[in-house]
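Me: I'm new to reading protein structures and would love a close look at one part of this one. Could you walk me through a helix and the sheet it lies against, taking your time?

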Amino acid sequence: MREAGFVVAAVNDRLAPQAHFPAMIEDVKCAAVRFLRAHAAGYHLDAAHIGVWGGSAGGYLAALLGTSDVSAGWDVGPYLEQPSWVQAVVVMFGPADLPALFAHSTRPQGQRRLLLVFDAASPEGPVWVVASPVTYITPGDPPFLILQGDQDKVVPPEQARRLYERLQQAGVAAQLVQLLLEV
């Protein structure tokens, strides 16, 4: 792929129940973005042009990475001399507004999974706002491409619309592509 002008790096992050939020976003900021920037010369990367792409939980982390900055407090660990911001974000069916996700959820299993990941006792509380990508949207955020299926039963299409609308309101370049699935 380097011949085509890009390189792809697959990222692993700590998972629940061994780790809880914000471990996942800390991993993505450190082990992915800042690590790549610190080692860009050795890998022949352009450190000034890093984009992220993820689906579902990975889409959530991509959105959170694209909207949050150092003020969120998640820039910890090694390579702190490198910035964790990115230049482009692709979100595929990723949650973006966790309080709204809980408010409209009809899937108890999905709710229990989120409570475990965020080490929360209930769907109420400040962690859901703190952990939501929409909380951090500012006009300087990178461009977003948001892909969402219209029949998604896990991450409701409303999540993609909320992210898109909030990005648009802030003046961030964003495109929402709703995939129409026939049943």
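Reply: Val-52 stands opposite Val-89 in strand 2, and that is a good place to start in this predicted model. Strand 1 (51–55) and strand 2 (88–92) run parallel, joined by five bridges. Step back and you will find four strands forming an open sheet, in the order 1-2-3-4, with parallel pairing. Strand 1 and strand 4 (174–179) are the edge strands, each pairing on one side only. From one strand to the next, the twist averages 10 degrees.

Now look at helix 3, which lies across strand 1, strand 2 and strand 3 and runs at about 150 degrees to strand 1. Helix 3 covers residues 57–67, and because nine of its 11 residues are buried, it is largely enclosed by the rest of the structure. Among those buried residues are Tyr-60, Leu-61, Leu-64, Gly-66 and Thr-67. What covers them includes the three strands just named, along with helix 1 (23–38), helix 4 (98–103) and helix 7 (157–169).

Follow Gly-66 and Thr-67 a little further: both are in contact with Asp-141, a residue in the loop between helix 6 (127–130) and strand 3. Tyr-136 and Val-172 also touch Asp-141. Asp-141 is buried yet has no salt bridge, and Arg-166, the nearest side chain of opposite charge, is 9.2 Å away. Instead, you can see the side chain of Asp-141 reach the backbone nitrogen of Thr-138 at 2.9 Å.

Conventions
Residues numbered from 1 in each chain as written. Predicted model: local features only at pLDDT ≥ 70, side-chain atom pairs only at ≥ 80, totals over all residues. Heavy atoms only, no water. Buried < 20%, exposed > 50% of the residue type's maximum accessible area, 1.4 Å probe, protein only. Helix = DSSP H or I, 4+ residues; strand = E, 2+ residues; numbered from the N terminus. Contact = heavy atoms within 4.5 Å. Pairing = 2+ DSSP bridges. Axes fitted to C-alpha atoms, helices over the stretch in contact; angles between N-to-C directions. Lys, Arg positive; Asp, Glu negative; His and termini not counted. Salt bridge = Lys/Arg side-chain N within 4 Å of Asp/Glu carboxyl O. Polar contact = N/O pair within 3.5 Å; in protein donor to acceptor, adjacent residues only side chain to side chain. Lists of a residue's contacts leave out its neighbours within four places in sequence.
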